[in-house]
Amino acid sequence: MVTSDCVFCRIVAGEIPATVVHETATTLAFRDIHPQAPVHVLVIPKAHHADVAALAVADPGLAGEVLATAAAVAAAEGVAASGFRLVFNTGADGGQDVFHAHGHVLGGVRIGPMVAR
């Protein structure tokens, strides 16, 4: 399912440009337009799911493909060996801004604590 009012669905459809770094039949990875680290790539399922929890329930296999794509991106970006963070924000209180499941691959610098205090 693709939702016309979802920015990530529109990227998948080619209506909005993105700097794609990896693509499979079911996933897409592209650079974040407001990077928070030297490597900041978003990994999404091409099918619309509101968040990672909904994705995991609806299609566990696709959730696994998103994780495999994130690992491939980390390797291709040169951060797999030194370490990277994979973040899925879920819901408004979790910091999710775009309600299409997506993971952030962050690396290229030592990442700070999990939660700012």
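**Exercise 1. Contacts and overall form**

Task: Determine what share of the contacts with a separation of 6 or more joins residues 24 or more positions apart, and then describe the overall form of the protein.

Solution.
Step 1. In the protein, 52% of the contacts with a separation of 6 or more are made by residues 24 or more positions apart. The model examined here is a predicted one.
Step 2. Count the elements: there are three helices and five strands. Read from the N terminus, their order is α-β-β-β-α-α-β-β.
Step 3. Compare the radius of gyration with the globule rule. The radius of gyration is 14 Å, and the rule gives 13 Å for 117 residues; these values are close, so the protein is as compact as a globular protein of that length.
Step 4. State the extent of the C-alpha trace: along the principal axes it spans about 35 × 30 × 25 Å.

**Exercise 2. Surface and charge**

Task: Describe the exposed surface of the protein, the share of buried residues and the placement of the charges.

Solution.
Step 1. The exposed area of the protein is about 6,500 Å², of which carbon and sulfur atoms supply 58%.
Step 2. Of the 117 residues, 35% are buried.
Step 3. The protein has 6 positive and 10 negative charges, and the mean positions of the two groups lie 11 Å apart.

**Exercise 3. The nonpolar cores**

Task: Identify the residues with the most contacts inside the largest nonpolar core, and state which element supplies the largest share of this core.

Solution.
Step 1. Begin with a general principle: nonpolar side chains in soluble globular proteins tend to be buried together.
Step 2. The largest nonpolar core of this protein contains 14 residues, and Ala29, Val41, Val43, Leu55, Val73 and Val105 have the most contacts inside it.
Step 3. At least two residues of this core come from strand E3 (39-45), and at least two from helix H3 (60-76). The largest share, six residues, is supplied by H3.
Step 4. Consider Val73 as an example. Apart from neighbours within four places in sequence, Val73 is in contact with Val21, His22, Ala29, Val41, Val43 and Val105.
Step 5. There is also a second, separate core of eight residues, including Cys6, Leu28, Phe30 and Ile44.

**Exercise 4. Two residues within elements**

Task: For Phe30 and Thr69, decide whether each residue is buried or exposed, and list the contacts of each.

Solution.
Step 1. Locate the residues. Phe30 belongs to strand E2 (residues 27-31), and Thr69 has its place in helix H3.
Step 2. Apply the cut-off: a residue is buried when its relative accessible area is under 20%. Phe30 has a relative accessibility of 3% and therefore counts as buried. Thr69 has a relative accessible area of 3%, so Thr69 is buried.
Step 3. List the contacts, leaving aside neighbours within four places in sequence. Phe30 is in contact with Phe8, Ile11, Ala18, Thr19, Val20, Val21, His40, Val41, Leu42 and Ile44. Thr69 is in contact with His22, Thr24, Thr27, Ala29 and Val43.
Step 4. Set separation in sequence beside distance in space, taken from C-alpha to C-alpha. Phe30 and Pro17 are 13 residues apart in sequence and 9.9 Å apart in space. Thr69 and Asp97 are 28 residues apart in sequence and 21 Å apart in space.

**Exercise 5. Two residues within loops**

Task: Classify Phe88 and Pro38 by relative accessibility, and state where each residue lies.

Solution.
Step 1. Phe88 is in the loop between strand E4 (84-87) and strand E5 (103-107), whereas Pro38 is in the loop between E2 and E3.
Step 2. Exposed requires a relative accessible area over 50%, and partly exposed lies between the two cut-offs. Phe88, at 24%, is therefore partly exposed. Pro38, at 61%, is therefore exposed.
Step 3. Leaving aside neighbours within four places in sequence, Phe88 is in contact with Val52, Val66, Leu67, His102 and Gly103. Not counting residues up to four places away, Pro38 touches Gly107, Gly108 and Val109.
Step 4. From C-alpha to C-alpha, Phe88 and Asp32 are 14 Å apart in space and 56 residues apart in sequence. Pro38 and Pro60 are 30 Å apart in space, C-alpha to C-alpha, and 22 residues apart in sequence.

How values were computed
Residues are numbered from 1 along each chain as its sequence is written. This is a predicted model: local features need pLDDT of at least 70, side-chain atom pairs count only at pLDDT 80 or more; totals for chains, interfaces and linings use all residues. Side-chain values use heavy atoms; hydrogens and water are left out. Helices (H or I, at least four residues) and strands (E, at least two) are DSSP runs, numbered from the N terminus. The radius of gyration is taken over C-alpha atoms; the globule rule is 2.2 Å times the number of residues to the power 0.38. Buried means under 20% relative accessible area, exposed over 50%, partly exposed in between (1.4 Å probe, protein chains only). Contact means heavy atoms within 4.5 Å. Accessible areas come from the Shrake-Rupley method with a 1.4 Å probe; for residues, only the protein chains shown count as cover. Lys and Arg count as positive and Asp and Glu as negative; His and the chain ends are not counted. The place of a charge is taken as NZ of Lys, CZ of Arg, CG of Asp or CD of Glu. A nonpolar core is a set of buried Ala, Val, Leu, Ile, Met, Phe, Trp, Tyr and Cys residues joined through side-chain atoms within 4.5 Å.
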